[in-house]
Amino acid sequence: MRRSREKPVEEKCGISGCNDPGERSMSHKKVKDVLGKNITTDEKRVQLCKAHYREFQKATKVERKLEALRR
Ligand SMILES: [Zn+2]
């Protein structure tokens, strides 16, 4: 009985139109606020693939920078 060698369920990236495997799970609301993309799930947590996670990180970094500049 060794059917699945790795994770039993492969979670996909929750961004609409993206079929890459999920790397990290992020809060649904945050992803929507930051990336402004359609999300294919209603779950509270959304899986992000590597590329989208990087995009998310970049976006939040920019946001933080802008906040710092405003002071
Ligand atoms: Zn993705």
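**Group meeting: a walk through a small predicted chain**

Let's start at Leu 48, which touches Cys 13, Gly 14, Gly 22, Glu 23, Arg 24, Met 26, Val 31, Tyr 53 and Phe 56, leaving aside residues up to four places away in sequence. Keep that residue in mind, and keep in mind too that this is a predicted model.

So how confident is the prediction? The mean pLDDT of the protein chain is 87, with 83% of its residues at 70 or more. If we go element by element, strand β2, residues 45-48, has the highest mean, 96, and α2 has the lowest, 85. As a general caution, where pLDDT is low, the predicted coordinates should not be read in detail.

Now the layout. We have two helices and two strands, and from the N terminus they run β-α-β-α. Of the 71 residues in the chain, 17% count as buried. Contacts with a separation of 6 or more are interesting here: residues 24 or more positions apart account for 50% of them.

Which residues make up the largest nonpolar core? There are eight: Cys 13, Ile 15, Met 26, Val 31, Val 46, Leu 48, Cys 49 and Phe 56. Our opening residue, Leu 48, is one of them. The general background is that in soluble globular proteins, nonpolar side chains tend to be buried together.

Let's pick Met 26 from that core. You'll find Met 26 in strand β1, residues 24-27. Is Met 26 buried or exposed? Buried, because 21 other C-beta atoms lie within 10 Å of its own, and the cut-off for buried is 20 or more. Beyond its sequence neighbours up to four places away, Met 26 touches Val 31, Arg 45, Val 46, Leu 48 and Phe 56. Also, Met 26 and Tyr 53 sit 27 residues apart in sequence, yet their C-alpha atoms are 8.8 Å apart.

Over to helix α2, residues 50-70, where we find His 52. His 52 counts as buried because it has 23 C-beta neighbours inside 10 Å. Again leaving out residues up to four places away in sequence, His 52 touches Cys 13, Ile 15 and Cys 18. Two of those partners, Cys 13 and Ile 15, belong to the core we just listed. From His 52 to Gly 14 the C-alpha separation is 9.5 Å, with their positions 38 residues apart along the chain.

Last stop: Ala 59, also in helix α2. What does its neighbour count say about Ala 59? Ala 59 is partly exposed, because it has 15 C-beta neighbours inside 10 Å. With residues up to four places away set aside, Ala 59 touches Val 34 and Leu 35. Ala 59 and Leu 35 are 24 residues apart in sequence, and 7.3 Å apart in space, C-alpha to C-alpha.

Technical notes:
Residues numbered from 1 in each chain as written. Predicted model: local features only at pLDDT ≥ 70, side-chain atom pairs only at ≥ 80, totals over all residues. Helix = DSSP H or I, 4+ residues; strand = E, 2+ residues; numbered from the N terminus. Buried ≥ 20, exposed ≤ 12 C-beta atoms within 10 Å, placed from the backbone. Contact = placed C-beta atoms within 7 Å. Core = buried A, V, L, I, M, F, W, Y, C linked by C-beta atoms within 7 Å. pLDDT = per-residue confidence, 0-100.
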